[in-house]
Amino acid sequence: MAASDMTNPVLKTAPIPSAILQQALEWQVSFWSGESGADEHQRFERWLSTGPQQQDAWRQVQAMNTRLNEIAGPSTAGALRIKRQQLVRRQTLKALLFISGSGLALYGARHTPQWQALAADYHTGRGEQREITLPDGGRLTLNTDSAVDIAYDSGMRRIRLQRGEIHVATAADQQLPARPFVVETRQGRARAIGTRFTVKEEDGRSIVAVSQGLVELRPQDVDAILLVNAGERASFDRSSLSPLQKTPQGGEEWLRGLMMAERMPLREFLANLGRYRSGIIRCDDSVGELAISGVFSIRDTDQTLTALTQILPIRITYVTRYWVSVSAR
């Protein structure tokens, strides 16, 4: 079913899962950016044909699109469509928030982590990585399924991690006095002191691993500080800090498109690999504890799955492209 067939502005009364509504919004923002090609439209058609909830969600987003056109007028609406990158995401989503009124409840409200990640300055999808040059010349790399906001002002250089994992290589600030460089998460902040480090948000905790220099960690709700040196890592939630640990080997291999495993249970390995591909990898209990070691590609996950069958007594079954089952051979 083509996108043009789904412009009926009638809203359904049945509730639509917020995750599906978010997907519909992501498609709308992608189309408004003007950067979607034939492959993107084919993926959209497949998503739209998945089921009636996807179609209902698309109708609802299109109804909001129609209301935006009516309120903003042709010239303003047209200008919104030609914005690029973060301006598209920020401005169009804010416009949708403005005109949707009470319908916001259907989206889980603007302050949910999902919405904030969708409206972020930069983000990556499943299996995608992206490198950004920061205003001061530093480098920021987003891992799979990650989102950040970047806010530099006269007093601070701030990165807001909305979702996922990032790697930062800081640069000396040319402004005097030098501004602090801070990565903020929902759990607190990490202040860098001439360094290279990663920050990952997972299961309500922020995990920081330092490969060069020094990073100061501060949880959000307590007056506590932990200094993490090169070769160390630590995690924190809003009210506590973990003890320092030695950074495990391979912690930055994802920057080169690789994942390292050392006697890792297959179930855990597949869960990590699943972060880099769309869909589900199901692991049968009978093989979940098999140990896997080696270095594997995360840029070609199908190749990695095939490689597993050559070193373990397992079978890989593709139920669909997006549903993979791993069982005993």
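## The nonpolar cores

In this predicted model, the largest nonpolar core has 25 residues. The ones with the most contacts inside that core are Leu140, Ile159, Ile166, Val183, Phe197, Val208 and Leu217. Take Leu140 and see who it touches once you skip its neighbours within four places in sequence: the list is Arg130, Glu131, Ile132, Leu134, Val148, Ile150, Ile159, Ile166, His167 and Val168. Two of those names, Ile159 and Ile166, also belong to the residues with the most contacts inside the core.

There's also a second core, separate from the one with Leu140, and it has 22 residues. Leu270, Ile281, Leu308 and Ile316 are included in it.

## The chain as a whole

Now zoom out. The chain has 329 residues, and 45% of them are buried. Its secondary structure adds up to seven helices and 17 strands.

How much of the contact network joins residues at least 24 apart? If you count contacts between residues at least 6 apart in sequence, the share is 52%. As for the outside, the chain exposes about 16400 Å², with carbon and sulfur atoms supplying 51% of that area.

## Aromatic rings

Three aromatic pairs turn up in the model. One of them is Phe269 with Phe296: their ring centres are 5.0 Å apart and their planes sit at 70°, so this pair is edge-to-face (planes over 60 degrees apart get that label). The two partners come from distant parts of the chain, 27 residues apart, with Phe269 in helix 6 (residues 266-273) and Phe296 in strand 15 (residues 291-297). Are these two rings buried or exposed? Both Phe269 and Phe296 are buried.

Elsewhere, Phe44, Trp47 and Trp58 are linked into a cluster by ring pairs. Tyr322 has a charged partner instead: Arg321 lies over the face of its ring, at 5.9 Å from the ring centre.

## Backbone oddities

Let's follow the backbone for a bit. Which two residues are joined by a cis peptide bond? They are Leu176 and Pro177, and omega there is about -5°. You'll find Pro177 in the loop between strand 6 (165-169) and strand 7 (181-184).

Two residues other than glycine have a positive phi, near 50° in each case: Asp145 and Arg263. Asp145 is in a loop, the one between strand 3 (139-142) and strand 4 (147-152), while Arg263 is placed in strand 13 (residues 258-265). Their surroundings can be compared through accessibility. Asp145 counts as partly exposed because its relative accessibility is 26%, which falls between the 20% and 50% cut-offs. Arg263 counts as exposed because its value is 64%, and that is over 50%.

## How confident is the prediction?

The mean pLDDT of the chain is 80, and 74% of its residues reach 70 or more. Some stretches score lower, though. Over residues 1-13 the pLDDT is below 50, and beyond near neighbours in sequence this stretch has 23 contacts in the model.

Residues 97-110 are another such stretch, with pLDDT under 50 throughout. How many contacts beyond four places in sequence does the model have for residues 97-110? It has 25.

Note on methods. Residues numbered from 1 in each chain as written. Predicted model: local features only at pLDDT ≥ 70, side-chain atom pairs only at ≥ 80, totals over all residues. Heavy atoms only, no water. pLDDT = per-residue confidence, 0-100. Contact = heavy atoms within 4.5 Å. Helix = DSSP H or I, 4+ residues; strand = E, 2+ residues; numbered from the N terminus. Buried < 20%, exposed > 50% of the residue type's maximum accessible area, 1.4 Å probe, protein only. Phe/Tyr/Trp six-rings, centres within 6.5 Å; stacked < 30°, edge-to-face > 60°. Lys NZ or Arg CZ within 6 Å of the ring centre and 35° of its normal. Core = buried A, V, L, I, M, F, W, Y, C linked by side-chain atoms within 4.5 Å. Areas by Shrake-Rupley, 256 points an atom, 1.4 Å probe, with all protein chains shown as cover.
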